[in-house]
Amino acid sequence: MEILIRPTPGHVARLVARLVLERVRAKPELVLGCATGRTMEAVYDELVAGHRAGVADLGRLRTFNLDEYVGLAPGDPHSYHHYMRERLFDRVGLPPERSRLPNGAATDLAAEARAYEAAIAAAGGIDLQLLGLGETGHIGFNEPLSALMSRTREKALTPTTRAQNAAMFGGDPDAVPRRALTMGVGTILEAREVLLVVTGAGKAEVLARATEGPITARISATALQLHPNCKVVVDEAAAGALEGTAYYRFAYEHEPEWAPYRSDPAL
Ligand code: GLP
């Protein structure tokens, strides 16, 4: 795991987008794992800007999303299907058949979960997985005590998560669905590369526990410590409770890999 601390959420979004665009240039039909949430909105804006500027063509991607609310049809304005079309897919002309999210309105959710896993495998696995961090320390909707080897399945959401996401449902936590279909922690760990994106002081404590604390099913993001190619991109506010910042900063300032990024003030 490598932690990159950047000054502001804008720097974080631009650096994450730069990394994604580079991967797409190297492999135009990249299989991208997409995340939702407010943190990702700025990342998708930067990706769309890069696409429009011709840095990379995002219209040839294959995408799989982490999760979807149970009971929401793909056309529902609160669904993650809708979020993704608005934030990314329609803006880069990605043909609908190239993107897939779990169908939260499926009548047989267990069968849908199995089909989702099979579709990821048939696509050759996920090359690059984007992740946000929930206030409970979840990745996807893998709430506390999710098995660290779990696969795509239905999961009950915590009151904390429903409150966190209430703003997207008119501010009412009770309007947030109680369950979601989510990739498992084991599914996420099979991605060849992972980028965890975290901004804001409100995530500082859980970020420190996720990255520097012991691996525990209580915080599914701690499983990322086992991943051989995981970068965590955070702003100064989110880095506020980390203990190892002197080393993380030193590595970014001195590792040759980061030289081209260091010299760009936008990153
Ligand atoms: C939801 C998603 C998570 C995401 C989280 C972060 O809970 N299911 O995958 O990481 O939102 O949300 P935000 O960026 O709004 O804090």
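## Lining of the largest pocket

By class, 6 nonpolar, 10 polar and 4 charged residues make up the lining of the largest pocket in this predicted model. The lining comprises 20 residues. Those nearest the centre of the pocket are Thr36, Gly37, Leu133, Gln164 and Lys203. The volume of this pocket is about 350 Å³.

## The ligand and its shell

The largest pocket is also the site in which the ligand sits. Around the ligand there are 15 residues, and those that come nearest are Arg38, Thr39, Asp67, Gly132 and Lys203. Divided by class, the shell around the ligand holds 4 nonpolar, 8 polar and 3 charged residues.

Lys203 is thus named twice: it is listed among the residues nearest the centre of the largest pocket, and it is listed among those that come nearest to the ligand.

## Polar side-chain atoms at the ligand

Three side chains can be described through the distance from a polar atom to an atom of the ligand. For Asp67, a polar side-chain atom lies 2.8 Å from a nitrogen atom of the ligand. Asp67 also belongs to the residues that come nearest to the ligand.

The other two side chains face oxygen atoms of the ligand. A polar side-chain atom of Lys203 is 2.8 Å from an oxygen atom of the ligand, and for Gln164 the distance from a polar side-chain atom to an oxygen atom of the ligand is 3.1 Å. On its own, the ligand has 390 Å² of accessible area, and the protein covers 97% of this area. Gln164, like Lys203, is listed among the residues nearest the centre of the largest pocket.

## The second largest pocket

The second largest pocket has a volume of about 210 Å³. It is lined by 13 residues, and Pro77, His78, Ser79, Tyr83 and Met168 are the closest to its centre. Two elements, helix 2 (38-52) and helix 3 (80-89), each give two or more residues to this lining.

Helix 3 provides the largest share of the lining of the second largest pocket, with 5 residues. By class, this lining consists of 5 nonpolar, 4 polar and 4 charged residues.

Definitions and conventions
Residues numbered from 1 in each chain as written. Predicted model: local features only at pLDDT ≥ 70, side-chain atom pairs only at ≥ 80, totals over all residues. Heavy atoms only, no water. Near = heavy atom within 4 Å. Polar contact = N/O pair within 3.5 Å; in protein donor to acceptor, adjacent residues only side chain to side chain. Areas by Shrake-Rupley, 256 points an atom, 1.4 Å probe, with all protein chains shown as cover. 1 Å grid on protein atoms, 1.4 Å probe; cavity = no way out; pocket = protein on both sides within 12 Å on 5 of 7 lines; lining within 4 Å. Sits in = over half its atoms within 2 Å of the grid points. Nonpolar A, V, L, I, M, F, W, Y, C, P; charged D, E, K, R; others polar. Points joined across faces, edges and corners; volume = space filled by probe spheres on them. Helix = DSSP H or I, 4+ residues; strand = E, 2+ residues; numbered from the N terminus.
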